[in-house]
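Me: I would like to go through the labels given to this model and check each against its cut-off. Please begin with the handedness of helix crossings.

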Amino acid sequence: RCSAPAAPAAPAAPRERGPTVETVGAARGIQLLSTARSRSSSPEGSPEREYAGGDAVAAPAAVPNEIMDIISDDEGQEEEAAPPSPAASSAAPSPAALPGSPTAPSPVAPSLAESPAAEAPAAAPAASDRPVVFTATGLDMGKSDRGIIGKLGGSFSADWSQEVTHLVAHTFRRTTKMMCAICTGARIVTPDYLKACGEAGQLVDDRQFALQDTVCERAFARKHHLMGGYTLDEALERRRTGGPMLEGVSVYCFPSVVEKHDLPHLVAAAGGTWLKHFPGPEKNPVLLLAEREVSNKQEEKRRKQYKVYDVEILREAACTQVLRKKAWRLS
């Protein structure tokens, strides 16, 4: 239940890069390196899936040109170690310290999990005008749970939507709902939260009911070689302080990406724009994603012209709120 993607292949040799351009309105730390002018089905339609990625193969050779880059190489040095060598291409991504870990200065506030728990559930902080919408992943919400939600003035959505404010889960699994909830900064709570709300007759402070799954969080960090570890709390705080990860960014997947029904929902949740066709002149920067195997000659040609990243960069970043472009670069 704690699966993670296969490792990215070895990166291409360094090459010339275009000028660095600051992204207007993008999340903190997002920059572009560009030679361009500038910048489906239901996600949960049937059983939820955990995404583990495909087999590792040799990455295509690098060539000079690109559509976009999320972080400049110099800025990325502190967050990423050198990607694995070709001999280790079947391993997980190279060791990397996420912001907020002991090996990298933290740009975010302390984790909510570090806040001392109150002796009794407190009222929910600062109610907003936004309606409360619950959904769940990895468990069934019975009539009694939905009844509590209704009495609290909220609603329940069987599928993911951008209106979701609370995700109920008992474990950390990389499902579509979990990844989207992290990308939107939704509250991710255990089933005990609803019980506490029902007993109090109102929404209570959810911080002491925040999901903490150290077993799966550690397994995720090991699989991805995140030296500073991984916690869901830190990822959520990173989203809430940094804003939408893909704000102002368009995303296109090459035909080699077959299993992508979850990706449009991840992009939307992260504030980006999903492109169904290869981009022409774009006012927004474009992130190009692909599988390791090239699907046809046209894709092969385009992958020699632009920077392309393994599609798993998006699923990993949805969980961590950090785009590790060096570790996942294909060309």
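Reply: A crossing is left-handed if the near helix is turned anticlockwise from the far one by less than a right angle, and right-handed if clockwise. Helices (H or I, at least four residues) and strands (E, at least two) are DSSP runs, numbered from the N terminus. By the first of these rules, helix 3 and helix 9 cross in a left-handed way. The model is predicted: local features need pLDDT of at least 70, side-chain atom pairs count only at pLDDT 80 or more, and totals for chains, interfaces and linings use all residues. Residues are numbered from 1 along each chain as its sequence is written, and side-chain values use heavy atoms, with hydrogens and water left out.

Me: What makes helix 3 oblique to helix 9?

Reply: The axes of helix 3 (residues 176–184) and helix 9 cross at roughly 60 degrees and come within 7 Å. Axes are lines fitted to C-alpha atoms, for helices over the stretch in contact, and angles run from 0 to 180 degrees between N-to-C directions. Angles under 35 degrees count as roughly parallel, over 145 as roughly antiparallel, 65 to 115 as roughly perpendicular and the rest as oblique. The angle of roughly 60 degrees falls in the remainder, so helix 3 is oblique to helix 9.

Me: Which residues of helix 3 and helix 9 meet?

Reply: On helix 3 they are Met179, Ile182 and Cys183; on helix 9, Arg315, Ala318 and Cys319. Contact here means heavy atoms within 4.5 Å.

Me: Why is helix 3 called oblique to helix 6 as well?

Reply: These two helices pack at an angle of about 45 degrees, their axes 7 Å apart. That value again belongs to none of the other three classes, so the label is oblique. Ala181, Ile182, Cys183 and Thr184 of helix 3 make the contact with Leu232, Ala235, Leu236 and Arg239 of helix 6.

Me: How do you know that helix 9 is mostly covered?

Reply: Buried means under 20% relative accessible area, exposed over 50%, and partly exposed in between (1.4 Å probe, protein chains only). In helix 9 (residues 312–320), 9 of its 9 residues are buried. Among them are Glu312, Arg315 and Glu316, along with Ile313 and Leu314.

Me: What is listed for Gln321, just after helix 9?

Reply: Gln321 has a positive phi of about 65 degrees although it is not a glycine. Most residues other than glycine have a negative phi. Gln321 lies in the loop between helix 9 and helix 10 (325–328). Its relative accessible area is 10%, under the 20% limit, so Gln321 is buried.

Me: Is His225 buried, partly exposed or exposed, and why?

Reply: His225 has 35% relative accessibility, which lies between 20% and 50%, so His225 counts as partly exposed. The residue sits in the loop between helix 5 (214–224) and helix 6 (232–242). Its phi is also positive, about 55 degrees, although His225 is not a glycine.

Me: Why does Cys183 form no disulfide with Cys180?

Reply: A disulfide is a pair of cysteine sulfur atoms within 2.5 Å. The sulfur of Cys183 is 6.4 Å from the closest cysteine sulfur, in Cys180, so the pair is too far apart for a bond. The count by this rule is 0 disulfides. Cys183 is itself buried, because its relative accessibility is 1%.

Me: What makes strand 4 and strand 6 edge strands?

Reply: Two strands pair if DSSP finds at least two bridges between them. Parallel pairing joins 4 strands in an open sheet, in the order 4-3-5-6. Strand 4 (155–156) and strand 6 (187–189) each have a single partner strand, so one side of each is left without a neighbour in the sheet. Strand 5 (residues 166–168) runs parallel to strand 6 and is joined to it by 3 bridges, with Arg187 as the bridge partner of His166.

Me: How do you know that strand 9 pairs with both strand 7 and strand 10?

Reply: Strand 7 (residues 250–253) is joined to strand 9 by 4 bridges, and strand 9 (residues 286–290) to strand 10 by 2 bridges. Both counts satisfy the requirement of at least two, so both pairs qualify. Tyr252 stands opposite Leu288, and Leu289 has Tyr309 as its bridge partner. Val286, Leu288 and Ala290 point one way from strand 9, Leu287 and Leu289 the other way, and all are buried.
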